[in-house]
Amino acid sequence: MVVLSQPAVDSISFIKTVKKQATTHFTGIPVIDLFDPCAKTLIVEACQEFGFFKVVNHGVPMEVVSRLETEAVNFFKLSQAEKDKAGPPNPFGYGSKRIGPNGDVGWVEYLLFSSNPDLISQSSLLSFPRNPQVFWSLVNNYVSAVRNLACEVLEMIADELKIKPRNTFSRLLKDEKSDSCFRLNHYPPCPQLQALSGRNLIGFGEHTDPQVISVVRSNNTSGLQISLKDGTWVSVPPDQYSFFIHVDDSLQVMTNGRFRSVRHRVLADDSLKSRVSMIYFGGPPLSEKIAPLSSLMEEGEESLYKEFTWCEYKKSAYKTRLGENRLGLFEKT
Ligand code: GA4
């Protein structure tokens, strides 16, 4: 019998679990090669069907990724007291188990950053235990590389949908006031508990991302699941050399529901492997109006959503629990 020490049980007893299933990796995730002449068409199809796809031949140097990953792993190895010096994560900094301001918890620790360099000076990350300047420059290099990737994908989408100008979406992320953010997540393994309960701990509960587009990269560890149109959860095969793109709520609105914002979650690993992921959330400037693009609307088609700005949506989103349907409040009845 495995005996758990009391502190381990205490600290996880409030985290939700799901019934354990054998991890069979879903083989239907679209893989888009950005050099493929059909890439634009395939991206749009993936955004409609899954709100999710994998990108290869993405042009992001692996060195930029691995240098940041090494620094992140070193940070997460520090003592709890040292890591706590970089917290709390309101709005940016280190957080552990608690996600957002409304009582959500998960088997995860993380660092949240604004991708706007001006904001960093206001955050608790200044008291970063290791050299904050080095970390900040690695984050900046990484974010600018994946922002370029996100913009390229958004421009390919605009081309395929015949939206003019082709920077209609990408300008939102390139704007100097773009309200984008970046998160490094660490999902520590929890083998004893998983074996005892026959259940999987939730690392990060199910949710959709409120922004326009998210770019995810993780080490070679499973855990990410997406929900298909029919509500079935499937496991995404890990691939440390590729990026996974998520359609977010704002892009769903701008396409008047043609694209779906993908519901996803992360389950804690029951082997001895830690999952480390890096996610760039491309968001618009706060004052930006988020509404279906008129050029996409067919004759007589009505907007499915009430009018709102990104600031209004973000404020409302941050009042919700993680798993809520945040767009529901903005749907026309
Ligand atoms: C989900 C996407 C991003 O990780 C995030 C998350 C944010 C947080 O961790 O503080 C939120 C969540 C996310 C949406 C609802 C609110 C806010 C936690 C939460 C319960 C940074 C974001 O922008 O929205």
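In this predicted model, Q240 touches S218, N219 and N220, leaving aside residues up to four places away in sequence. Q240 sits in the loop between β10 and β11. It counts as partly exposed, because 14 C-beta neighbours lie inside 10 Å. Its C-alpha atom is separated by 9.5 Å from that of M62, although Q240 and M62 are 178 residues apart along the chain.

Contacts across the sequence can also be described for the whole chain. Among contacts in the protein chain between residues at least 6 apart in sequence, 75% join residues at least 24 apart. The protein chain has 333 residues, and 40% of them count as buried. Its secondary structure comprises ten helices and 15 strands.

Eight strands form an open sheet with mixed pairing. Their order is β2-β3-β11-β8-β13-β6-β5-β4. β2 and β4 stand at the edges. Each of these two has a single partner strand, so one side of each is left without a neighbour in the sheet. From one strand to the next, the twist averages 25 degrees.

Two helices that pack on this sheet are α2 and α6. Helix α2 touches β2, β3 and β11. The direction of α2 makes about 155 degrees with that of β2. Helix α6 touches β5, β6, β8, β11 and β13. Here the angle is about 60 degrees, taken between the directions of α6 and β13.

The pairing of β2, β3 and β11 can be followed strand by strand. Strand β2 covers residues 31–33 and strand β3 covers residues 52–56. These two run parallel and are joined by three bridges. Within this pair, D33 has V56 of β3 as its bridge partner. The chain passes from β2 to β3 through helix α2, residues 39–49. This β-α-β crossover is right-handed. Helix α2 thus both links β2 to β3 and packs on the sheet.

On β11 the sense of pairing is antiparallel: four bridges join β3 to this strand, residues 243–247. F52 stands opposite H246 in β11. V55 has F243 of β11 as its bridge partner. In a regular strand, side chains alternate between the two faces of the sheet.

Another open sheet has five strands, in the order β1-β7-β12-β9-β10. The pairing in this sheet is antiparallel. At its edges stand β1 (17–19) and β10 (233–235). Each has a single partner strand, so one side of each is left without a neighbour in the sheet. Neighbouring strands are turned by 40 degrees against each other on average, direction ignored. Inside the sheet, β7 (residues 199–207) pairs with β12 (residues 264–267) over three bridges, in the antiparallel sense. I202 stands opposite L267 in β12. Edge strand β10 also borders the loop that holds Q240, which lies between β10 and β11.

The ligand is surrounded by 16 residues. The closest are G100, D104, D209, Y318 and L322. Two elements give two or more residues to this shell, namely β5 (104–114) and β6 (181–187). Both strands belong to the eight-stranded sheet. By class, the shell has eight nonpolar, four polar and four charged residues.

The backbone has several notable points in loops. A cis peptide bond joins G87 and P88, with omega at about -5 degrees. Another cis peptide bond joins N90 and P91, with omega at about 0 degrees. P88 lies in the loop between α4 (80–84) and β4 (93–99). P91 is placed in the loop between α4 and β4 as well.

Positive phi values occur at K162 and N256, each a residue other than glycine. For K162, phi is near 60 degrees. K162 is found in the loop between α6 (132–160) and α7 (170–174). K162 is exposed, because 9 other C-beta atoms lie within 10 Å. For N256, phi is near 50 degrees. The loop between α9 (249–254) and β12 holds N256. N256 is partly exposed, with 18 other C-beta atoms within 10 Å.

Note on methods:
Residues are numbered from 1 along each chain as its sequence is written. This is a predicted model: local features need pLDDT of at least 70, side-chain atom pairs count only at pLDDT 80 or more; totals for chains, interfaces and linings use all residues. A residue is near a molecule or strand if its C-beta atom, placed from the backbone, lies within 6 Å of it. Ala, Val, Leu, Ile, Met, Phe, Trp, Tyr, Cys and Pro count as nonpolar, Asp, Glu, Lys and Arg as charged, and the others, Gly among them, as polar. Two strands pair if DSSP finds at least two bridges between them. Axes are lines fitted to C-alpha atoms, for helices over the stretch in contact, and angles run from 0 to 180 degrees between N-to-C directions. A crossover is right-handed if, with the strands pointing away from the viewer, the path from the first strand over the helix to the second runs clockwise. A residue is buried if 20 or more other C-beta atoms lie within 10 Å of its own, exposed if 12 or fewer, and partly exposed in between; C-beta atoms are placed from the backbone. Two residues are in contact if their C-beta atoms, placed from the backbone, lie within 7 Å.
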